[in-house]
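Got the viewer open? Let's take a walk through this one, a stop at a time.

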Amino acid sequence: MNHLKPLHVKGHNNGKLVNNMLVDNGAKPNLMLYSLYKKLGGSDEELIKTKRLVKGVGGKPIPDKGLALMKLTIRSKTLATVFFIVEVQGSYSLILGREWIHGNQYVPSNLHQFLIQWVNNKVEIVHVDSLAYATADAPLLGGHDDMISLLARDLAGFESLEEALFPFF
């Protein structure tokens with residue numbers, strides 16, 4: 001059941017490849033692990049101090065080291081992106097939250113396991129980073145093997161929505 005998997009993508013942050021970026025509609029800010037920030041060559045002196053508080057699950061505050069402005073590239077789109085740098089353990093390298101998703105007009109789809117982005121008035125499909133998580137052999141609880149898409153189309157092999165929805169044009 002693909003729609004139960006988290007949506008991980010890969011891209012480049014300040015020109016360096018980053019895997020396992022979690023696109024999360026439930027998170028408001030963008031978060032980057034401190035360990036990744038250091039691997040990307042960031043220094044503590046470059047961090048912008050802030051009084052803004054980051055809250056985790058259940059409203060518990062997460063201490064941050066500061067803000068970092070970076071160039072984030074996903075496929076052909078590069079955008080300046082602000083991250084809260086946090087020193088926590090996670091199964092991701094960074095979280096792209098609602099500020100990034102809505103501010104840049106991205107459309108994440110956990111069901112289809114891709115991210116839709118607009119580039120020069122064209123749709124670009126970003127497929128998941130399938131190596132970001134391992135799957136277990138255990139059956140999913142509450143899964144339905146007989147579910148079908150309302151469009152009756154598997155969009156995973158298409159580069160654009162136009163190609164998938166209008167194959168004769």
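Start with the second largest pocket, which holds about 230 Å³ of space. Keep in mind that you're looking at a predicted model. To find the spot, select L31, K55, G56, V57 and I62: of the 16 residues lining the second largest pocket, these lie nearest its centre. Now colour that lining by residue class, and you should get 10 nonpolar, 3 polar and 3 charged residues.

Next, zoom out and switch to cartoon. How many helices and strands does the protein chain have? The count is 3 helices and 11 strands. Trace the protein chain from its start and the order reads β-β-β-α-β-β-β-β-β-α-β-β-β-α. While you're at this scale, try a surface view: about 10700 Å² is exposed, with carbon and sulfur atoms supplying 56% of that area. Of the 169 residues in the protein chain, 40% are buried. If you draw contacts with a sequence separation of 6 or more, 60% of them link residues 24 or more positions apart.

Now go to β1, residues 7-13. This strand is mostly covered, with 5 of its 7 residues buried. Which strands does it pair with? One partner is β2, residues 16-23, which runs antiparallel to β1 and is joined to it by 6 bridges. Select V9 and look across to β2, where M21 stands opposite. Then follow the chain round the hairpin: there are 2 residues between β1 and β2, and N14 has a positive phi near 50 degrees.

The other partner to pick out is β6, residues 64-74, which pairs with β1 in the antiparallel sense over 2 bridges. Click on N13 and you'll find L72 of β6 opposite.

Step back along the chain to P6, in the segment before β1. Is P6 buried, partly exposed or exposed? It counts as partly exposed, because its relative accessibility is 34%, which falls between the 20% and 50% cut-offs. Draw a distance from P6 to L22: they're 16 residues apart along the chain, yet their C-alpha atoms are separated by 7.2 Å.

For the last stop, select β10 (residues 114-119) and β11 (residues 122-127), an antiparallel pair joined by 6 bridges. F114 has H127 in β11 as its bridge partner. At the turn, β10 and β11 form a hairpin with 2 residues between them, and N120 there has a positive phi of about 50 degrees.

Technical notes: Residues are numbered from 1 along each chain as its sequence is written. This is a predicted model: local features need pLDDT of at least 70, side-chain atom pairs count only at pLDDT 80 or more; totals for chains, interfaces and linings use all residues. Side-chain values use heavy atoms; hydrogens and water are left out. Helices (H or I, at least four residues) and strands (E, at least two) are DSSP runs, numbered from the N terminus. Buried means under 20% relative accessible area, exposed over 50%, partly exposed in between (1.4 Å probe, protein chains only). Contact means heavy atoms within 4.5 Å. Accessible areas come from the Shrake-Rupley method with a 1.4 Å probe; for residues, only the protein chains shown count as cover. On a 1 Å grid over the protein atoms alone, a cavity is a set of points where a 1.4 Å probe fits but cannot get out, and a pocket is an open set with protein on both sides within 12 Å along at least five of seven lines; lining residues have an atom within 4 Å of a point. Grid points are joined across faces, edges and corners, and a volume is the space filled by probe spheres set on the points. Ala, Val, Leu, Ile, Met, Phe, Trp, Tyr, Cys and Pro count as nonpolar, Asp, Glu, Lys and Arg as charged, and the others, Gly among them, as polar. Two strands pair if DSSP finds at least two bridges between them.
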